[in-house]
Amino acid sequence: MTELRIDANLVAETNAQQAEYLAQDYDMLAGQLARRNIDINAITERAMAFEVAVPSWGTGTGGTRFARFPGLAEPRNIFEKLQDCAVINQLTRCTREVSPHFPWDRVDDFSELRQYADNLGLGFTCVNSNTFQDQPGQQHSYKYGSLTNTSQAAREQAIAHNIECIQWGQTLGAKALTVWVGDGSNHPGQQHFQHALERYLDSMRKIYAALPDDWQVFIEHKMFEPAFYSTVIQDWGTNVLCAMELGDKAKSLVDLGHHAPNVNIEMIVSRLIQFKKLAGFHFNDSKYGDDDLDSGSLHPYQQFLIFNELVDAEYRKQEGFAPCYMLDQSHNVTDPIESLMNSAEEVQRSYVKALLVDREALYAAQADNDALQASRLLKAAFNTDVGPILAMARSRQNGAIDPVQTYRAANYRAAIAADRPSSGVSGSGIV
């Protein structure tokens, strides 16, 4: 096993300083939940089983279209990104998988990369393709689109890259390909809407045909950016229509920052679950647009309501329900490791709170059209402080009771700075 960068003794020491208070808080919460006929240990076990994947590109400092402010000891390649991901999982114990992005994370030997991840206790989930940027040495430009480009040669190049990503993902042990394209237009009349979508579907059919039997393709939509007049896959409606057109192995990915303002995302999630087309999530938060803020930093109740639909599907044993949970955010002023740990905890928090909803009582209130009582039942779960459950779940798995505090005590960045001199470029792949 490759040695983890944070000493297990330090984790144990910081936990020991907080263990007594955690036990008190946990016992108090256990009593409160018992009065609601909820077994806290059963909920803690569910929390321990919960997982959300870390995006490899999220371990580097991101930015906006205008600026990026790199931090100390940023990862310069996928191996160093995995080192940081291992630290995140060591402390949170709910981020065992990594979502890689190609060609940013391309290596010469993918078997070696998989072994390296195995040694760190990590695995790989959905692989992501990149046809929204031109790469060095690329023959055909994506300036005017990739899978929808009017140039057949450019489309074939983009298709080949996606198929290549599937092959790399197979070696890594992944089971899905996420496809997001920045294709669109910036001027009215620039693009024929229907012809562009026809070209997209024609390209995706070739990618779909290359999927192994046990693989899926996740379609990701985005309302705007980089195109600001029209985007080919702009919303969940176009997304799910394309997924239905392609077949059972195509599903719709929900990025929380990719919707129009004030859209009812939890209803969209419910619809996708109903028609067996929910691929999973890119969790983040947003104020104005695709801001990629830390999960739950602005809209924790919305995130809880989304998980209410997800847990409801679990409760009802909804057919075909097996979503992939991933983070996707950008860090401009924070340490990416701290933000990813914070987001993982907040996503897990929303899940655990949703487990506390009295489902049968909620169904009864809905059947009686008792709007206020239905709302009160949801608020009762949302307003419950489940922090002791999350901390106990980590503690029982030798994680950190307080991940950020322990990380800071380890002074991780300073400890590895000599091993990671700045390369002068972003290893994250983000602006």
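Here are four short exercises with worked solutions on a predicted model.

**Exercise 1: Cysteines**

Work out how many disulfides the model holds, looking at cysteine 165 and cysteine 324.

*Solution.* Start with the cut-off: two cysteine sulfur atoms must lie within 2.5 Å to be counted as a disulfide. For cysteine 165, the nearest cysteine sulfur belongs to cysteine 126 and is 13 Å away, so by the cut-off cysteine 165 is in no disulfide. Next, take cysteine 324: its nearest cysteine sulfur, again that of cysteine 126, is 3.6 Å away, and cysteine 324 is in no disulfide either. The count for the model therefore comes to zero disulfides under the 2.5 Å rule.

Now add the surroundings. Is each of these two cysteines buried or exposed? Buried means under 20% relative accessible area. Cysteine 165 has 0% and is buried; cysteine 324, with 19%, is buried as well.

**Exercise 2: H1 against H13**

Describe how helix H1 (residues 8–34) packs on helix H13 (residues 387–396).

*Solution.* First, the geometry: the axes are 9 Å apart, at an angle of about 125°. Because that angle falls in none of the parallel, antiparallel or perpendicular ranges, H1 is oblique to H13. The handedness of this crossing is left-handed. Then list who touches whom: H1 contributes Leu22, Asp25, Tyr26, Leu29 and Leu33, while H13 contributes Pro388, Ile389, Ala391, Met392, Ser395 and Arg396. Sorted by class, this contact holds eight nonpolar residues, one polar and two charged.

**Exercise 3: H10 against H14**

Find the relative direction of helix H10 (residues 336–355) and helix H14 (residues 403–410), and name the residues in contact.

*Solution.* The two axes come within 10 Å and cross at roughly 160°. Angles over 145 degrees count as roughly antiparallel, so that is the label for H10 and H14. Their crossing is right-handed. On the H10 side, the contact is made by Ile337, Glu338 and Met341; on the H14 side, by Pro403, Val404, Tyr407 and Arg408. The tally by class is five nonpolar, no polar and two charged residues.

**Exercise 4: H5 against H6**

Characterise the packing of helix H5 (residues 152–172) with helix H6 (residues 193–209).

*Solution.* Begin with the axes, which come within 9 Å and cross at roughly 35°. H5 passes H6 in a right-handed crossing. Moving to the residues, Arg155, Glu156, Ile159, Asn162, Ile163 and Ile166 of H5 meet Arg199, Ser203, Lys206 and Ile207 of H6. To finish, sort them by class: four are nonpolar, two polar and four charged.

Notes
Residues numbered from 1 in each chain as written. Predicted model: local features only at pLDDT ≥ 70, side-chain atom pairs only at ≥ 80, totals over all residues. Heavy atoms only, no water. Buried < 20%, exposed > 50% of the residue type's maximum accessible area, 1.4 Å probe, protein only. Axes fitted to C-alpha atoms, helices over the stretch in contact; angles between N-to-C directions. Helix = DSSP H or I, 4+ residues; strand = E, 2+ residues; numbered from the N terminus. Parallel < 35°, antiparallel > 145°, perpendicular 65-115°, else oblique. Left-handed = near helix turned anticlockwise from the far one by under 90°. Contact = heavy atoms within 4.5 Å. Nonpolar A, V, L, I, M, F, W, Y, C, P; charged D, E, K, R; others polar.
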